[in-house]
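Subject: Structure for your files

Hello,

Here is the structure I said I would pass on. Please open it alongside this email, as my notes refer to residues by number.

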Amino acid sequence: RAAAESLREQQDRLTSIADAEERQLRQAMELSLASPPPPEPAFVDDDDEIQRALRASEQEAEREAARKKERWRKEDDSDLFQAALRASRVDLGPRGISQAAKVMATGDASLGQAALLAKTGTHTGAGGRFARNSAGGGTADSKRSSS
């Protein structure tokens with residue numbers, strides 16, 4: 001009997017707490033609905049500011065393109081890169097690591113068959129230098145040989 005009475009008291013307390021929370025929630029909702037909505041944020045349409053931002057973005061893109069082109073030129077002109085290209089022209093196929101990869105991985109332009117070709121010049125075009133053509137793909141050597 002005491003346990004049942006204690007259980008009933010606890011249920012009554014929980015019910016009164018739930019009712020109080022429900023009343024508070026209802027009051028908060030009523031206050032919220034009664035107040036006007038917050039104003040929309042104002043956007044400033046400053047055409048001059050927009051144009052300045054666009055010009056700055058275009059100039060940055062041009063500078064980045066120039067930096068990228070210069071980085072490519074430096075990479076293309078390096079002796080190591082040229083040696084790897086010569087090695088790749090006479091790479092004899094799947095014998096483990098490729099000749100060009102050997103040259104690039106070790107940083108030694110005398111490895112592989114690139115050094116032999118540079119000395120003897122026996123492979124057609126292997127002694128030529130690689131140069132990017134700005135008008136299209138391919139090397140300067142391939143453009144000369146096709147004309």
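Below is what was found in it, from the overall fold to single residues.

Please keep in mind that this is a predicted model. Every value below was computed from it.

Overall make-up

The protein chain holds 6 helices and 0 strands. Read from the N terminus, the order of elements is α-α-α-α-α-α. The chain has 147 residues, and 12% of them count as buried. Its exposed area comes to about 11,800 Å², and carbon and sulfur atoms supply 55% of that area. As for contacts with a separation of 6 or more, 46% are between residues 24 or more positions apart.

Salt bridges

How many salt bridges does a search of the whole structure find? The search returns 5. As general background, side chains of opposite charge can pair when their charged atoms come close.

One of the salt bridges links Arg 52 to Glu 49, with 2.6 Å between the closest N and O atoms. Both residues belong to helix α2, which covers residues 47-77. Because Arg 52 and Glu 49 are 3 residues apart in that helix, about one helical turn separates them. Both ends of this pair are partly exposed: the relative accessible area is 43% for Arg 52 and 42% for Glu 49.

Another salt bridge joins Arg 63 and Glu 60, at 2.9 Å from N to O. Here too the partners lie in helix α2, 3 residues apart, which is about one turn of the helix. Arg 63 has a relative accessibility of 42% and counts as partly exposed. Glu 60, at 35%, is also partly exposed.

Glu 60 has a further partner in Arg 67, with an N to O distance of 3.1 Å. Arg 67 is partly exposed, at 40% relative accessible area. Which residues are joined into one network by salt bridges that share partners? They are Glu 60, Arg 63, Glu 64 and Arg 67.

Negative patch

Asp 45, Asp 46, Asp 47 and Asp 48 form a negative patch on the surface. Asp 45 sits in the loop between α1 (2-34) and α2. Is Asp 45 buried or exposed? Its relative accessible area is 67%, and the cut-off for exposed is over 50%, so Asp 45 counts as exposed.

Phe 81 and Ala 109

Phe 81 is located in helix α3, residues 79-89. Its relative accessibility is 24%. Buried would require a value under 20%, so Phe 81 is classed as partly exposed. In sequence, Phe 81 and Ala 109 are 28 residues apart. In space, their C-alpha atoms are 8.5 Å apart.

Where to look

If you want a short route through the model, begin with the pair Arg 52 and Glu 49 in helix α2. Then go on to the network of Glu 60, Arg 63, Glu 64 and Arg 67. After that, turn to the negative patch, which includes Asp 45, and finish with Phe 81 in helix α3.

Regards

Notes. Residues are numbered from 1 along each chain as its sequence is written. This is a predicted model: local features need pLDDT of at least 70, side-chain atom pairs count only at pLDDT 80 or more; totals for chains, interfaces and linings use all residues. Side-chain values use heavy atoms; hydrogens and water are left out. Helices (H or I, at least four residues) and strands (E, at least two) are DSSP runs, numbered from the N terminus. Buried means under 20% relative accessible area, exposed over 50%, partly exposed in between (1.4 Å probe, protein chains only). Contact means heavy atoms within 4.5 Å. Accessible areas come from the Shrake-Rupley method with a 1.4 Å probe; for residues, only the protein chains shown count as cover. A salt bridge is a side-chain nitrogen of Lys or Arg within 4 Å of a carboxyl oxygen of Asp or Glu. Patches are made of residues with over 30% relative accessible area and no salt bridge: like charges are joined within 9 Å, nonpolar side chains (Val, Leu, Ile, Met, Phe, Trp, Tyr) within 5 Å. Lys and Arg count as positive and Asp and Glu as negative; His and the chain ends are not counted. The place of a charge is taken as NZ of Lys, CZ of Arg, CG of Asp or CD of Glu.
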